[in-house]
Amino acid sequence: MAASAIARGQITIVDLNDGKSINLFLSSNQPATQIFNKENSSYNPSYSASPYLVISPEVYVSGSTDNQVAHLLGTPVWKINGSTDLSAFSATAETTSPYTLTIKKNLTSVTQLTIECTVTYVDPETTAQTVAKALFTVTKVENTGQQIRAVCYAPNGSVFKNGITNSLTAHCDLWRGSVIDNTKVTYAWYRLENGTWTKLIASNTYGITGCTTNEITIPASAILNIDSFKCVIKDTDTASGTYNSEVSDIITFADMTDPYMVEIQAPQGTTLTSGMTSTTLTVNIWQNGAQLDDSFFNGATVTWRKYNKLGVLDTSWGTNGAKTGRSLTVTRDEISVAATFIVEISK
């Protein structure tokens, strides 16, 4: 199996910005696709009855694997279809942690809800404030009795968190009209790898189980930062009007359990002058607050790429625009005003 990237980092010579990275995720307790059956005017799932549709914000900061929603300045700002008037959708927002948004109305007058959440994170150490924004889309589709659709969702959430769970599930159903059809259908799951959907089969499941069923169980070890999965459902009922038809849906998971953190050391500094004509960059890897020893790099490939002051990849640098090795020596001749070096560690 080809080596896969497990961590990335970057450093800019002359000008280095080491601000924290803020990630805001929005998760829901119900599928984000609501099916409306014209034949009996029913909605499934129905958001107008308990457990309603609940959207939860989760804030993650580089260097920490815990939800940082407690460090928000004030309450999140919610918008639905561009408006802060949530009452039009019978929605209410909690003013205390975990700051969930609850929607108690079906999509009777619209075909889509674009839910926008904006938060301000306050660094508890520096008191610096950072604004983050995320979108969550809910869509209504109209189905008649002979139309089929695939709807995929994560029953237990789509973000891996420390101390919560070591695995999550992705569930996908074939809907015929407003009911689930799970007879005489087949399921196939795919993972997005380098822009290509790769089928999960016995030889490359990455520990994922249930790849021929309507629900797969995904271990945290199978996710690198963010990964997407697609479920393809085929109707195999010869008596069906949609015999041999295939439908699919896509779902994305994020891993916040002990991610690898890249540290790039530059003992000689990051500013080259007439008295200092070179500097050496060395990579260290941290996980769960501890630096990993040198044995971590056994069997690993460390690849560097250089981007010029405009952020353009320098394809003439090194071999086809890349150099390898845990340490990299950069000379003044390689820098024109400024350059950013991005490192990727693969195993």
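Start by selecting Asp-227 and Arg-191: both are buried. Keep in mind as you click around that this is a predicted model. Show the side chains and you'll find a salt bridge between Asp-227 and Arg-191, with the closest N and O atoms 3.3 Å apart. Now colour by strand. Asp-227 belongs to strand 18 and Arg-191 to strand 15, so this pair ties together parts that are 36 residues apart in sequence.

Next, bring up the sheet around that pair. Select strands 12, 19, 18, 15 and 16, in that order, and you have an open five-stranded sheet with mixed pairing. Which strands stand at the edges? They are strand 12 (159–161) and strand 16 (196–199); each has a single partner strand, so one side of each is left without a neighbour in the sheet. Turn the view a little and look across the strands: on average, neighbours in this sheet are turned by 30° against each other, direction ignored.

Stay at the strand 16 edge and add strand 15 (residues 185–193). These two run antiparallel and are joined by four bridges. For a landmark, pick Glu-193, which sits opposite Thr-196 of strand 16.

Now go back to strand 18 and select Asp-235. Its salt-bridge partner is Arg-176, and here the closest N and O atoms are 3.1 Å apart. Asp-235 is in strand 18 (residues 226–235) while Arg-176 is in strand 13 (residues 167–176), so the link spans parts 59 residues apart in sequence. Are these two buried or exposed? Asp-235 has 0% relative accessibility, so it counts as buried. Arg-176 is buried too, because its relative accessible area of 14% falls under the 20% cut-off. Add Asp-181 to the selection as well: Arg-176, Asp-181 and Asp-235 are linked in a network of salt bridges.

For the last stop, jump to Lys-323 and Glu-334. Their side chains meet in a salt bridge, 3.2 Å from N to O. Lys-323 lies in strand 24 (residues 323–324), and Glu-334 is in the loop between strand 25 (327–331) and strand 26 (339–346), so the pair ties together parts 11 residues apart in sequence. Try a surface view here. Lys-323 is partly exposed, with a relative accessible area of 27%, whereas Glu-334, at 16%, counts as buried.

If you want to keep hunting, how many salt bridges does the count come to? The total is seven.

Definitions and conventions:
Residues are numbered from 1 along each chain as its sequence is written. This is a predicted model: local features need pLDDT of at least 70, side-chain atom pairs count only at pLDDT 80 or more; totals for chains, interfaces and linings use all residues. Side-chain values use heavy atoms; hydrogens and water are left out. Two strands pair if DSSP finds at least two bridges between them. Axes are lines fitted to C-alpha atoms, for helices over the stretch in contact, and angles run from 0 to 180 degrees between N-to-C directions. A salt bridge is a side-chain nitrogen of Lys or Arg within 4 Å of a carboxyl oxygen of Asp or Glu. Buried means under 20% relative accessible area, exposed over 50%, partly exposed in between (1.4 Å probe, protein chains only).
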